[in-house]
Amino acid sequence: MPKPLMAANWKMFKTSTQALEFFEDFSETLDSTVLKDRDVLFLPPFTSLEALSDPVRFAGFSIGAQNCYPAAEGAFTGEIAPGMLLDLGCDYVLTGHSERRHVLGESDEFVGQKTAFALDQGLGVILCIGETLEQRKAGQVETVLKRQLESGLRDVPNDVPAEALTIAYEPVWAIGTGEVAQDEDIREAHATVRGLLADRLSAAADIRILYGGSVKPANCAQILSLDNVNGVLVGGASLQAASFVDIVSAGL
Ligand SMILES: O=C(CO)COP(=O)(O)O
């Protein structure tokens, strides 16, 4: 069983000053012995990566970015290359977050290009997938997860190491809505993802599959207890230090 990964996706929240204030509170409050049972990852906006990188890594946590562009460098105004993230000490990058798919219009193909390129450059990738409410109501959960995984992993070698790749299942209808998926929905989706990974990657059994969507201190321990849930990807409830401390320590 891989160690659960507890990831804070801050989306477009916090200046670098606010990020440092949060981190001071968080690291003072957290009992650092939880690190033997949990990995902790911060995904702040690009503008806070430099300020947070050293403090986060010295405290034994990981840091990553919310996005990258699939090229080493070039005329891509406003974009950030994986090598630039590595240079700031990042261990991870998110690809395919539903807000990038649905608000910024990223295609399955583009998500696949980013995933393969970032892995090739040496970043760990958290590939996010998940169905909309319409797709769930139409009974298309498995079809959507299969399509997003197949295109997301299209150029990823089948012997990718388990530590390099993480999948996050985030049902779109549970993100930022307060509506957490039912245990049975999470169990089914994670089992589906595990099966699809097994058809494609040799390290499938050890790849972490995170759940995301309205995770809070009150529901986190229960979610983590479900089969094939190897951590959580938290938005809103990771923005307050006390709440993210409770999430990181949930069930211990
Ligand atoms: O999108 C998410 C994490 O990536 C989930 O966001 P919430 O925890 O705010 O629902």
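Where does valine 34 sit, and between which elements? This predicted model gives the answer in the first of the close-ups below.

**View 1. Valine 34, in the loop between α1 and β2.**
Here we're looking at a loop residue: valine 34 falls between α1 and β2, with β2 covering residues 39-43. It counts as partly exposed, because 16 C-beta neighbours lie inside 10 Å. Setting aside residues within four places in sequence, valine 34 is in contact with Val248, Ser249 and Leu252. For a sense of scale, take alanine 174: valine 34 and alanine 174 are 140 residues apart in sequence, and their C-alpha atoms are 27 Å apart in space.

**View 2. The two residues annotated "active site" in UniProt, His97 and Glu170.**
The label comes from an unreviewed UniProt entry, which puts "active site" on His97 and Glu170. They span 74 residues in sequence, yet no two of their C-alpha atoms are more than 8.3 Å apart, so they gather at one spot.

**View 3. A closer look at histidine 97, in the loop between β4 and α4.**
Strand β4 (92-95) comes before this loop residue and helix α4 (98-102) comes after. Is histidine 97 buried or exposed? It's buried, because 28 other C-beta atoms lie within 10 Å, and the cut-off for that is 20 or more. Among residues beyond four places away in sequence, histidine 97 touches Gln66 and Cys128.

**View 4. A closer look at glutamate 170, in the loop between β6 and α8.**
The elements on either side of this loop are β6 (165-169) and α8 (183-200). Glutamate 170 is buried too, with 26 other C-beta atoms within 10 Å. Its contacts, leaving out neighbours within four places in sequence, are Ser98, Cys128, Gly130, Ile175, Gly212, Gly213 and Leu233. Cys128 is a name to look out for, since it's in contact with glutamate 170 and also touches histidine 97.

**View 5. The ligand and the residues around it.**
There are 14 residues around the ligand, and Asn9, Gly176, Gly212, Gly235 and Gly236 come nearest. Sorted by class, this shell holds five nonpolar, eight polar and one charged residues. The unreviewed UniProt entry has its own list under "binding site": Asn9, Trp10, Lys11, Gly176, Ser214, Gly235 and Gly236. Those annotated residues are spread over 228 residues of sequence but cluster in space, with a largest C-alpha distance of 13.9 Å.

**View 6. Tryptophan 10 and lysine 11, both from the "binding site" annotation in UniProt.**
Tryptophan 10 lies in the loop between β1 (5-9) and α1 (16-29), and lysine 11 is found in the loop between β1 and α1 as well. Tryptophan 10 counts as buried, because it has 22 C-beta neighbours inside 10 Å. Lysine 11 has 17 such neighbours, so it counts as partly exposed. Not counting residues up to four places away in sequence, tryptophan 10 touches Leu43, Pro44, Pro45, Ser238 and Leu239.

**View 7. Helix α5 crossing helix α7.**
This one zooms in on a pair of helices, α5 (residues 108-121) and α7 (residues 141-152). Their axes come within 7 Å and cross at roughly 45°, which means α5 is oblique to α7. On the α5 side, the contact is made by Asp108, Glu109, Val111, Gly112 and Thr115, which meet Arg147, Gln148, Ser151 and Gly152 in α7. By class, the residues of this contact divide into one nonpolar, five polar and three charged.

Conventions
Residues are numbered from 1 along each chain as its sequence is written. This is a predicted model: local features need pLDDT of at least 70, side-chain atom pairs count only at pLDDT 80 or more; totals for chains, interfaces and linings use all residues. A residue is near a molecule or strand if its C-beta atom, placed from the backbone, lies within 6 Å of it. Ala, Val, Leu, Ile, Met, Phe, Trp, Tyr, Cys and Pro count as nonpolar, Asp, Glu, Lys and Arg as charged, and the others, Gly among them, as polar. Axes are lines fitted to C-alpha atoms, for helices over the stretch in contact, and angles run from 0 to 180 degrees between N-to-C directions. Helices (H or I, at least four residues) and strands (E, at least two) are DSSP runs, numbered from the N terminus. Angles under 35 degrees count as roughly parallel, over 145 as roughly antiparallel, 65 to 115 as roughly perpendicular and the rest as oblique. Two residues are in contact if their C-beta atoms, placed from the backbone, lie within 7 Å. UniProt positions are given in the numbering used here, feature names are shortened, and annotations may be inferred rather than shown by experiment. A residue is buried if 20 or more other C-beta atoms lie within 10 Å of its own, exposed if 12 or fewer, and partly exposed in between; C-beta atoms are placed from the backbone.
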